[in-house]
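I opened my notebook to look through this structure one piece at a time. Here is what I looked up, in the order I got to it.

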Amino acid sequence: MFRSLFPIRSSNPIMYSCFVALATMANSSLRAQDIKSIVPPVADGAIRVATFNVSFHREAAGELIENLKAGDEQIAKITKIIRAVSPDVLLVNEIDYDQEGLSAKLFLEKYLQSSDFDSIVPETKFQYHFTDAVNTGVPSGLDMNQNGKLDEPDDAWGFGRYPGQYGMAVYSRFPIAEKEVRTFRKFKWRDMPGALRPRDPAKDADFYPDELWEKLYLSSKSHWDVPIDTPFGRFHFLASHPTPPVFDGPEDRNGCRNHDEIRLWCDYIENGEQAAYIYDDSGKRGGLDPQAAFVLAGDLNSDPNDGSGRSEGIRRLLGMPRVVASPIPESPGGVEAAEKQGLANKTHQGPPAQDTADFNDRSPGNLRCDFVLPSNQFEIVQCGIFWPTEEHGKEWQDWVEATDHRLVWIDIRWKQ
């Protein structure tokens, strides 16, 4: 989810350098051998794949680039978590996109690969990365929220204050076949058969007038099929960040969109007759080859048990024959947080150990909305959510509070 976290940060390079040095000394006990108590090493013969909504969105275009160049406390905390978990392939949600791809590159070179963090977690795996344009913040020129005003954040193709806000990036230890990447940013919602076109119950009419509905894109950011070439074989990394199913009205326009953004992946994976309608940004039609291995990842903003979303969408995805949905990643920190925070968490049906986001305690409470789901060519060897408890130390609690989401990881191994 987004629109809720605005962490304190420092863009002063001297302050940042001091911060890194002090953090390293203060956390000298949190070296590699101690990290194992929170997250185990990658299993033998396995690949670790992860997703993390890092909340790197900023208030203005270009601000993230300046933070990355100068040094930033929040980004340093997120870096430490990523390097502690040490995934081989990672999707980052909510990293602002710019046309030159500079923010994604700076995060790789200045943080993920930086020797400044080697005293904490010395191993750096990422050598490749991919990023591309998203719909968030791109002006539509249309009255998307039907309030009689134009050029508001809610009137962009995807909610955002400027083009590229809440973007995405993929980081990988293994080569990315960039020429074979498929993106679906400009797929129009109207072209999905049986799309959940929002209805205005007060008027008993479609919420979006025809002239707007004909133009509206489905993806609030984008949907990416990113081929990753590992020593064990290729898999397709299916990355997205559907809009949260809230911040709307009785028409449930965001709930409908979230459902259908998830449904696009369901149809893409099944690749039967129902996938013939899908086209990518180059005009190529159809879904994923039925024999192709994949891992679907992202902040899907939909909990199968709790929250206000249309859970039938995420439930369909989790129940698909080609998707390995168990074991489910868990953490002790999720249980501790739900017990301490109470309120909405007391009414939830889903196990708090499976929560991946620490949201407002009154509503909706903590939810499971970040997923890493492999295809049935794989087995999940081990998995987890990076959410330490108070027993792990106050320092770790400080790091994870740099975002309202938690890093979710799985170790997968190709079946024999």
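Before the helix entry I need one definition: the expected span of a helix is 1.5 Å times one less than its number of residues. Also a reminder to myself that this is a predicted model.

**Entry 1: a helix**

I picked helix α7, residues 253-270. How far does α7 reach from its first C-alpha to its last? I got 26 Å for its 18 residues, close to the 26 Å expected at 1.5 Å a residue.

Next I checked whether its residues are buried or exposed, with buried meaning under 20% relative accessible area. I found 17 of the 18 residues of α7 buried, so the helix is largely enclosed by the rest of the structure. Right after α7 comes N271, and its phi is positive, near 50°.

**Entry 2: cavities**

I looked at a search of the whole structure, and it turned up four cavities of 30 Å³ or more. The largest one has a volume of about 130 Å³. Which residues are closest to its centre? Of the 14 that line this cavity, they are D154, Y208, R253, N254 and R257.

**Entry 3: a covered strand**

Strand β8 covers residues 223-230, and seven of its eight residues are buried. I then looked for its partners. With strand β9 (residues 233-240), β8 pairs in the antiparallel sense over eight bridges. V226 stands opposite F237 in β9. These two strands make a hairpin, with two residues between them.

β8 also pairs with strand β5 (residues 182-183), again antiparallel, over two bridges. There, R182 stands opposite D225 in β8. A note from class: strands of a sheet pair through backbone hydrogen bonds, either parallel or antiparallel.

**Entry 4: the six-stranded sheet**

What is the order of the strands in the open sheet? I wrote down β3-β4-β2-β1-β13-β12, six strands with mixed pairing. The edge strands are β3 (128-130) and β12 (378-385), and each of them pairs on one side only. On average, neighbouring strands of this sheet are turned by 20° against each other, direction ignored.

I zoomed in on one edge. β12 and strand β13 (residues 408-414) run antiparallel, and seven bridges join them. Q382 stands opposite D411 in β13.

Last lookup: what packs on the sheet? Helix α4 (residues 73-85) does, touching β1 (47-56), β2 (89-95) and β13. The direction of α4 makes about 170° with that of β1.

Notes:
Residues numbered from 1 in each chain as written. Predicted model: local features only at pLDDT ≥ 70, side-chain atom pairs only at ≥ 80, totals over all residues. Heavy atoms only, no water. Pairing = 2+ DSSP bridges. Helix = DSSP H or I, 4+ residues; strand = E, 2+ residues; numbered from the N terminus. Axes fitted to C-alpha atoms, helices over the stretch in contact; angles between N-to-C directions. Contact = heavy atoms within 4.5 Å. Buried < 20%, exposed > 50% of the residue type's maximum accessible area, 1.4 Å probe, protein only. 1 Å grid on protein atoms, 1.4 Å probe; cavity = no way out; pocket = protein on both sides within 12 Å on 5 of 7 lines; lining within 4 Å. Points joined across faces, edges and corners; volume = space filled by probe spheres on them.
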